[in-house]
Amino acid sequence: MVEAIEREPDLTVCGQAEDAQEALAAITSIRPDIVLTDIELKSSSGLDLIKSLHAQMPMLPTIATTMFDGLKNEQMARAAGASGFVSKDDGPDKLIEAIRKGLK
């Protein structure tokens, strides 16, 4: 996914994290225009990250992604506050499309 984003001349990956705590600290410091998070993080839940971001920075668009059970996870991500969802099975074009939509 990072490679697909970096191929776009107007998009830049400004940080990466393995868990919600690390991501939240980086996001607070970096202040990105949009956040892309996997629902399954190394030692925590991307849903928890989305909830925290939605509570602390409600205007920050957040896109959730996962490889598992798309519809169920999309519903959980949106309930947590995600503004978008892309299944990893959808491929890089759908990811870029979702990012651009989230940035509008």
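Biologist: How many salt bridges does the structure hold?
Modeller: The model is a predicted one, and a pair counts here when a side-chain nitrogen of Lys or Arg comes within 4 Å of a carboxyl oxygen of Asp or Glu. Counted in this way, the salt bridges in the structure number five.

Biologist: Asp10 forms a salt bridge with Arg100, so how many residues apart are the two?
Modeller: In this pair the closest N and O atoms are 2.6 Å apart. The bridge links distant parts of the chain, since Asp10 sits in the loop between α1 and α2 while Arg100 belongs to helix α5, and the separation in residues is 90.

Biologist: Is Asp38, which meets Lys88 in a salt bridge, buried or exposed?
Modeller: The side chains of Asp38 and Lys88 come to 2.4 Å, N to O, and they join strand β1 to the loop between β3 and α5. Lys88 is partly exposed, at 31%. The cut-off for buried is under 20% relative accessible area, and because Asp38 has a value of 17%, it counts as buried.

Biologist: In which helix do Arg78 and Glu74 both lie?
Modeller: Their side chains meet in a salt bridge of 3.1 Å, N to O, and with relative accessible areas of 41% for Arg78 and 24% for Glu74, each counts as partly exposed. The two are four residues apart, about one turn of the helix, and that helix is α4.

Biologist: Which element gives the most residues to the largest nonpolar core?
Modeller: This core has ten residues, among them Ala20, Leu24, Ile27, Leu49 and Met57. Two elements, α2 and α3, each give two or more residues to it. The element that gives the most, with four residues, is α2.

Biologist: Where is Arg31, the residue with a positive phi near 60°?
Modeller: Most residues other than glycine have a negative phi, whereas Arg31 has a positive one. Arg31 counts as exposed because its relative accessibility is 54%, and leaving out residues up to four places away in sequence, Arg31 is one of the residues that Met57 touches. The place of Arg31 is the loop between α2 and β1.

Biologist: What is the relative accessible area of Thr37?
Modeller: Thr37 lies in strand β1, and beyond its neighbours within four places in sequence it is in contact with residues including Gly46, Leu49, Ile50 and Ile63. Thr37 is buried, which means a value under 20%, and its relative accessible area is 5%.

Technical notes:
Residues are numbered from 1 along each chain as its sequence is written. This is a predicted model: local features need pLDDT of at least 70, side-chain atom pairs count only at pLDDT 80 or more; totals for chains, interfaces and linings use all residues. Side-chain values use heavy atoms; hydrogens and water are left out. A nonpolar core is a set of buried Ala, Val, Leu, Ile, Met, Phe, Trp, Tyr and Cys residues joined through side-chain atoms within 4.5 Å. Buried means under 20% relative accessible area, exposed over 50%, partly exposed in between (1.4 Å probe, protein chains only). Contact means heavy atoms within 4.5 Å.
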